[in-house]
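This briefing introduces the structure shown below. It begins with one helix and then turns to the sheet and the nonpolar cores.

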Amino acid sequence: MKLIVHRPDYTPEAEQEYERLSRELMPIVREIARKTLPLLEQENSCEFARNQYHGSRFQADRVAYQDFRYFAKKRPPTENPALVVGLRVDESASMSAFGRLEAAKRAVLAVYEFCQLCQIPILIYGDTADVSRLEQMSIYAYTDFAQRDLHDRFRLMGIRARSNNRDGMALRMIAERLAAAPQQSKLLISLSDGQPKAMEDYTGSLALQDMQLTLAEYERKGVTFLAAAIGQDKEVIHRIYGSERFLDISNLNELPAKLVRIVARYL
C-alpha cells in the first residue's frame with residue numbers, strides 16, 4: 001500500500017471552532033472527570049489491580065459489563081494501574097451526511113480533554129483511502145502520546161470527510177502502537193459510520209476477513225477493541241466486531257458523554 005502519514009496543522013478558524021464546541025462540552029467532561037479522579041486515587045493506592053481477565057479475587061460488580069475482566073490480582077509494589085487510549089476516526093466521504101462529522105468532532109474533543117484531565121495517554125488518528133493512486137492510504141495523526149502538544153486540541157478540528165475507508169490497515173497501525181505501550185490496559189475505539197470499502201476490491205467478505213484477523217491478532221496482544229457505529233451500516237459493523245465490541249450510537253448528541261464514560265470504565 002502507498003501510505004502517507006499527515007501531521008495536520010491548525011488555523012485560527014480551528015481555534016475558534018474548538019472554543020465553540022468546548023464551551024458546550026467541557027462542563028460535561030469536567031463533571032465526569034471529577035467523579036473519576038477519586039476512583040483513580042483509590043485505584044493507585046489499592047493493593048489489587050482490578051479489571052483483569054484472570055486473578056485471585058472475583059469482582060461481582062464487573063459481570064454486568066460482559067467484557068470478561070471480572071478479576072483482581074495482586075499488584076507488585078512497583079506496578080501502577082494504567083490505561084492508554086487509541087481513537088480511530090473514519091474520515092470517509094459519507095461522514096459528511098446527517099451531522100456525523102460534527103458529532104465525531106464533539107466526541108473526539110470530549111475524549112481528548114477527559115484524557116488530559118485524568119493524565120491518560122491518548123493517540124488519535126483519522127484515516128481515509130484512495131485519495132490518489134500515489135496515496136492509497138492516508139493517516140492523519142492529530143495527537144500522539146509520544147509527542148504531546150497542547151495545540152493538538154485545535155488540530156482535532158481538522159477532521160474531514162474525504163474519500164474511501166480501509167479500516168483494517170488503520171486499526172493495525174493504531175493497535176501496533178498500543179500493543180507496544182507499557183500501560184496495563186489498552187483501549188482502541190473505532191468511530192465509524194459505514195462498512196469498509198476501498199479500491200481495488202476491499203469490501204464485503206474480503207474486508208470482513210481482514211478486520212476479524214486484525215481484531216484477533218491484537219486482542220492476543222492485549223488490545224481491547226470497541227466500535228462506535230454512527231451511520232447506516234450498523235448491522236455490518238455489528239457483524240464485523242461482534243456484540244461484545246459493538247456500540248450502537250442512535251442519538252449523536254449523546255456520543256461525547258457516552259464515549260467519555262466508556263473510557264472512564266476501563267480505568
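The buried residues of α7 (buried meaning under 20% relative accessible area with a 1.4 Å probe, protein chains only) are L255, P256, A257, L259, V260, I262, V263 and A264. Eight of the eleven residues of α7 are thus buried, so this helix is largely enclosed by the rest of the structure. The model is predicted: local features need pLDDT of at least 70 and side-chain atom pairs pLDDT 80 or more, while totals for chains, interfaces and linings use all residues. Residues are numbered from 1 along each chain as its sequence is written, and side-chain values use heavy atoms, without hydrogens and water.

**Sheet**
- Seven strands form an open sheet with mixed pairing, in the order β1-β7-β6-β5-β8-β9-β10; strands are DSSP runs (E, at least two residues) and helices likewise (H or I, at least four), numbered from the N terminus, and two strands pair if DSSP finds at least two bridges between them.
- β1 (3–6) and β10 (246–248) each have a single partner strand, so one side of each lacks a neighbour in the sheet.
- Strands β8 (185–192) and β9 (223–229) are paired in the parallel sense over seven bridges, and I189 stands opposite L226 in β9.

**Contacts of α7**
- Helix α7 (residues 255–265) packs on the sheet and touches β5, β8, β9 and β10, where contact means heavy atoms within 4.5 Å.
- Beyond its neighbours within four places in sequence, L259 is in contact with A107, V111, I189, A228 and L247.

**Nonpolar cores**
- The largest nonpolar core (buried Ala, Val, Leu, Ile, Met, Phe, Trp, Tyr and Cys residues joined through side-chain atoms within 4.5 Å) has 50 residues, and F114, I124, L259 and V263 have the most contacts inside it.
- Its largest share, eleven residues, comes from α2.

Note on methods: Axes fitted to C-alpha atoms, helices over the stretch in contact; angles between N-to-C directions.
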